[in-house]
Amino acid sequence: MKMVAPWTRFYSHSCCLCCHVRTGTIRLGVWYLIINAVVLLVLLSALADPNQYHFTSSELGGEFEFMDDANMCIAIAISLLMILICAMATYGAYKQRAAWIIPFFCYQIFDFALNTLVAITVLVYPNSIQEYIRQLPPSFPYREDIMSVNPTCLVLIILLFISIILIFKGYLISCVWSSYRYINGRNSSDVLVYVTSSDTTVLLPLYNDATAVSSTAKEPPPPYMSA
């Protein structure tokens, strides 16, 4: 018989790139951490040299500027918060602390909800896509090619693209949730499981219970009687 723990039996399944869910969560946290660090560096460089990323109203085809100081500070604060959340998830998965993964899981749920709202908006208001494309500056790449596409086909293409993104994000959410349950079950479970060849499981009692039963089951030997 092979002795395994219950968390290994129920939560040891593959994840991203055929790795364990805990390893997949670590890789996902590191990937998000790198992306947000790059975004933070770009924002800091733009804040240090505003002329490098400054676009006038004529270049954008509207009556607003691309990024002002207030929006830049908000974007930097969001990037710092995301770096903190991703670092917590990576550390929690590596050190097997389930509570540290919760903020990253909540961010994934929030991001999934936003993308779902975008898909619903495109489905309910299909003309909003054409209006949004018309508001883009004339120098935007492939603007005229996108405008020449049939509106119905354009909506279907965008919905297909968003659906693929939602499926992938849902898969990543399930991986992080499985990692949380695996770590939480590994830290809280004290019962071992014996798995036999016929795939039947036998729960072993706790050590204290087994000791109490064994001590009560043994009867003292009869007293010694002299002849």
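**Notes on the cysteines, cores and surface patch**

1. Going by sulfur atoms within 2.5 Å as the test, the disulfide count here is zero. Keep in mind that this is a predicted model.

2. Two cysteines are worth a look anyway. C86 is buried, since its relative accessibility is 0%. C106 comes out at 44% relative accessible area, so it falls in the partly exposed class.

3. C86 also turns up in the largest nonpolar core, a set of 19 residues. It is listed there with L28, Y32, I101, F104, V176 and I183 as the residues having the most contacts inside that core. Helices α2 (21-48), α4 (69-95), α5 and α8 (151-188) each give two or more residues to it. The largest share is from α8, with six residues.

4. There's another core too, lying apart from that one. It has ten residues, including A119, I129, L154 and L159.

5. Back to L28 for a moment: which residues does L28 contact, once neighbours within four places in sequence are left aside? The list is F104, Q108, L172 and V176. Of these, F104 and V176 are also named among the best-connected residues of the 19-residue core.

6. Now the outside. F110, L114, L117, I120, L123, V124 and Y125 make a nonpolar surface patch of about 750 Å². L117, one of these, sits in helix α5, which covers residues 102-124. Is L117 buried or exposed? Its relative accessible area is 51%, so it counts as exposed, the cut-off being over 50%. Helix α5 also gives residues to the largest core, so if you're colouring the model, I'd show both.

Notes. Residues numbered from 1 in each chain as written. Predicted model: local features only at pLDDT ≥ 70, side-chain atom pairs only at ≥ 80, totals over all residues. Heavy atoms only, no water. Patch = residues over 30% accessible without salt bridge, like charges linked within 9 Å, V, L, I, M, F, W, Y side chains within 5 Å. Areas by Shrake-Rupley, 256 points an atom, 1.4 Å probe, with all protein chains shown as cover. Salt bridge = Lys/Arg side-chain N within 4 Å of Asp/Glu carboxyl O. Helix = DSSP H or I, 4+ residues; strand = E, 2+ residues; numbered from the N terminus. Buried < 20%, exposed > 50% of the residue type's maximum accessible area, 1.4 Å probe, protein only. Core = buried A, V, L, I, M, F, W, Y, C linked by side-chain atoms within 4.5 Å. Contact = heavy atoms within 4.5 Å.
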